[in-house]
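Morning, everyone. I've got one structure for you today, so pull it up on your screens and follow along with me.

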Amino acid sequence: MSDAAPAEKLKRAMRSLPSGVAIITVRDPETDKPFGMAISSMISVSMDPPTMLAAINRNSANHEVFARAERFCINLLSVDHRDEVALFASGQRRGERFGSEGWIEVDGVYCLADATAIVCAKHDSMIVGTHEIFVGEVLDVRHEMQARPLGWLNGGFHDLAPLALAEAAQ
């Protein structure tokens, strides 16, 4: 029997750590259709070779597609991408996800044209508890985002403006 107290304490602690928000996309090798979801669990792992890590909940409706895919794209979002996050966070709006003109195809995956898009070839994966960790070797980075990064903190979205800008506004 597991002790829920450490898990709850960890959850509260991690809610106090700001993180970026991304939309991770893949193309299903069986159907050739694009899939995506909003995530905040992604980090760079190494610069030699350049690799990224993304954690996907195994209970997610899209988990199996991500497990089958050979490539993925981590689209780092700005404050201007809140509408896209809403689309990718709602299962009921799945059919609308790639309908806008803002998507381009790069190396077989969809990337937001106005975001920083990191295209990866899956290198390895590992199941840890409720999640599967995917590690990908970076194939391409498209840095188009000009706006401020969209952040996630304490269960809500935040504008991660540089401290100098925040101080100047006061």
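Okay, let's start with Arg27, which is buried, because its relative accessible area is 19% and the cut-off for buried is under 20%. Before I go on, please keep in mind that what you're looking at is a predicted model.

So which residues does Arg27 form salt bridges with? One partner is Glu105, and there the closest N and O atoms are 3.1 Å apart. That pair links distant parts of the chain: Arg27 sits in strand 2, residues 22–27, Glu105 sits in strand 7, and they are 78 residues apart. The other one to click on is Asp32, with 3.3 Å between the closest N and O atoms of Asp32 and Arg27. Put together, Arg27, Asp32 and Glu105 are linked in a network of salt bridges.

What about the acids, buried or exposed? Glu105 comes out at 48% relative accessible area, so we call Glu105 partly exposed. Asp32 has 49% relative accessibility, so Asp32 is partly exposed too. The cut-off for exposed is over 50%.

Stay on Glu105 for a second, and look at the strands around there. Strand 7 covers residues 103–106 and strand 8 covers 109–112, and the two pair in the antiparallel sense over four bridges. Glu105 has Tyr110 as its bridge partner in strand 8. Now, how many residues are there between the strands of this hairpin? Two, and Asp107 takes a positive phi there, near 50°.

Next, the sheet with the C-terminal numbering. There's an open sheet of three strands, in the order 1-11-12, and the pairing is antiparallel. Strand 1, residues 19–20, and strand 12, residues 156–159, are the edge strands, since each pairs on one side only. If you zoom in on strand 11, residues 150–153, you'll find four bridges joining it to strand 12, again in the antiparallel sense. In that pairing, Leu150 has Asp159 in strand 12 as its bridge partner.

Asp159 also has a salt bridge, with Arg148, and the closest N and O atoms are 2.5 Å apart. Where do the two sit? Arg148 is in the loop between strand 10 and strand 11, Asp159 is in strand 12, and they are 11 residues apart. Arg148 has a relative accessible area of 37%, so it counts as partly exposed. Asp159 is partly exposed as well, because its relative accessibility is 33%. Searching the whole structure turns up five salt bridges, and I've shown you some of them.

Now for the pocket. The largest pocket has a volume of about 1,300 Å³. Its lining comes to 41 residues, and Ile39, Ser40, Ser41, His131 and Trp152 are the ones that lie nearest the centre. Which element gives the most to that lining? Helix 1 does, with seven residues. Other elements supply at least two residues each, among them strand 3 (34–39), strand 4 (42–47), strand 5 (50–57), helix 3 (82–89) and strand 10 (131–143). Strand 11, from the sheet we just looked at, is on that list as well.

Last stop, the surface. Leu10, Met14 and Leu17 form a nonpolar patch there, with about 310 Å² of accessible area together. Leu10 lies in helix 1, residues 4–15. Leu10 counts as exposed, because its relative accessibility is 52% and exposed means over 50%.

That's my tour, thanks for listening.

Methods. Residues numbered from 1 in each chain as written. Predicted model: local features only at pLDDT ≥ 70, side-chain atom pairs only at ≥ 80, totals over all residues. Heavy atoms only, no water. Pairing = 2+ DSSP bridges. Patch = residues over 30% accessible without salt bridge, like charges linked within 9 Å, V, L, I, M, F, W, Y side chains within 5 Å. Areas by Shrake-Rupley, 256 points an atom, 1.4 Å probe, with all protein chains shown as cover. Salt bridge = Lys/Arg side-chain N within 4 Å of Asp/Glu carboxyl O. Buried < 20%, exposed > 50% of the residue type's maximum accessible area, 1.4 Å probe, protein only. 1 Å grid on protein atoms, 1.4 Å probe; cavity = no way out; pocket = protein on both sides within 12 Å on 5 of 7 lines; lining within 4 Å. Points joined across faces, edges and corners; volume = space filled by probe spheres on them.
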